[in-house]
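User: I've got a model open and want to check the labels people put on it. Mind if I quiz you on the reasoning behind them?

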Amino acid sequence: MTTFKKHLFTIKLLISATTVAAQQSHDSLPLIRRPADFGLVYPLSTNGTAAANYRNTISIQGLAGVSGEVTAAAVAGLANIVKGDAGGTAVAGLANVIGGRAIGTQVAGLVNR
């Protein structure tokens, strides 16, 4: 095989591997259930950098936290960021940002979205 063909083969292989990874979306992965997430600020919490992959019953954060979903309560000093649905109560000093459906009560000093 010539050098040109080897390089072309390598490029095709890299492109096909990238395409497969790009087709697998984060949203298609099932969320992992956890009873609670405690932390100071994302990613300094019990769920760490994978916090968006968890469905927590409660999330308690000193400043701000990230969750995939919350089913009962989310409390943070500054902000709760929930990528999916949030149920129950969400209380934050500044903002509750919920990417999916919000069912229950939201209380924030500035924004509930």
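User: What share of the residues in the protein chain is buried?

Analyst: This is a predicted model, and in it buried residues make up 27% of the 113 in the chain. The secondary structure comes to 1 helix and 9 strands, with the helix leading in the pattern α-β-β-β-β-β-β-β-β-β.

User: Why does Ser 67 count as buried?

Analyst: Buried means under 20% relative accessible area. Ser 67 has 2% relative accessibility, so it counts as buried.

User: Where is Ser 67, and what is it in contact with?

Analyst: Ser 67 is in strand β3, residues 54-67. Leaving aside neighbours within four places in sequence, its contacts include Ala 51, Tyr 54, Ser 59 and Val 82. As for Ala 50, it is 17 residues from Ser 67 along the chain, and their C-alpha atoms are separated by 8.8 Å.

User: What makes the set with Val 70 and Ile 98 a nonpolar core?

Analyst: The label asks for buried residues of the nonpolar kinds, joined through side-chain atoms within 4.5 Å. Val 70, Ala 74, Val 82, Ala 86 and Ile 98 form the largest such core, with 5 residues. Take Ile 98: beyond four places in sequence, it is in contact with Val 82 and Ala 86, and also with Gly 84, Gln 106 and Arg 113.

User: What makes an empty space a cavity here, and how many are there of 30 Å³ or more?

Analyst: A 1.4 Å probe has to fit but be unable to get out. The search of the whole structure finds 1 cavity of 30 Å³ or more, and the largest cavity holds about 60 Å³ of space. Its lining has 13 residues, with Ala 86, Gly 87, Gly 88, Thr 89 and Ala 90 nearest the centre. β4 (69-76), β6 (86-92) and β8 (102-108) each supply at least two of the lining residues.

User: How does that lining divide into nonpolar, polar and charged?

Analyst: It has 7 nonpolar residues, 6 polar and no charged. Watch the bookkeeping: Gly counts as polar.

User: Which part of the chain has the lowest confidence, and why be careful there?

Analyst: Helix α1, residues 3-23, is lowest, at a mean pLDDT of 56, while β4 is highest at 98. Over residues 17-25 pLDDT stays under 50, and the model has 1 contact beyond four places in sequence for them. Where pLDDT is low, the predicted coordinates should not be read in detail. For the chain as a whole, the average is 86, and 79% of the residues score at least 70.

How values were computed:
Residues are numbered from 1 along each chain as its sequence is written. This is a predicted model: local features need pLDDT of at least 70, side-chain atom pairs count only at pLDDT 80 or more; totals for chains, interfaces and linings use all residues. Side-chain values use heavy atoms; hydrogens and water are left out. On a 1 Å grid over the protein atoms alone, a cavity is a set of points where a 1.4 Å probe fits but cannot get out, and a pocket is an open set with protein on both sides within 12 Å along at least five of seven lines; lining residues have an atom within 4 Å of a point. Grid points are joined across faces, edges and corners, and a volume is the space filled by probe spheres set on the points. Helices (H or I, at least four residues) and strands (E, at least two) are DSSP runs, numbered from the N terminus. Buried means under 20% relative accessible area, exposed over 50%, partly exposed in between (1.4 Å probe, protein chains only). Contact means heavy atoms within 4.5 Å. pLDDT is the predictor's confidence in each residue, from 0 to 100.
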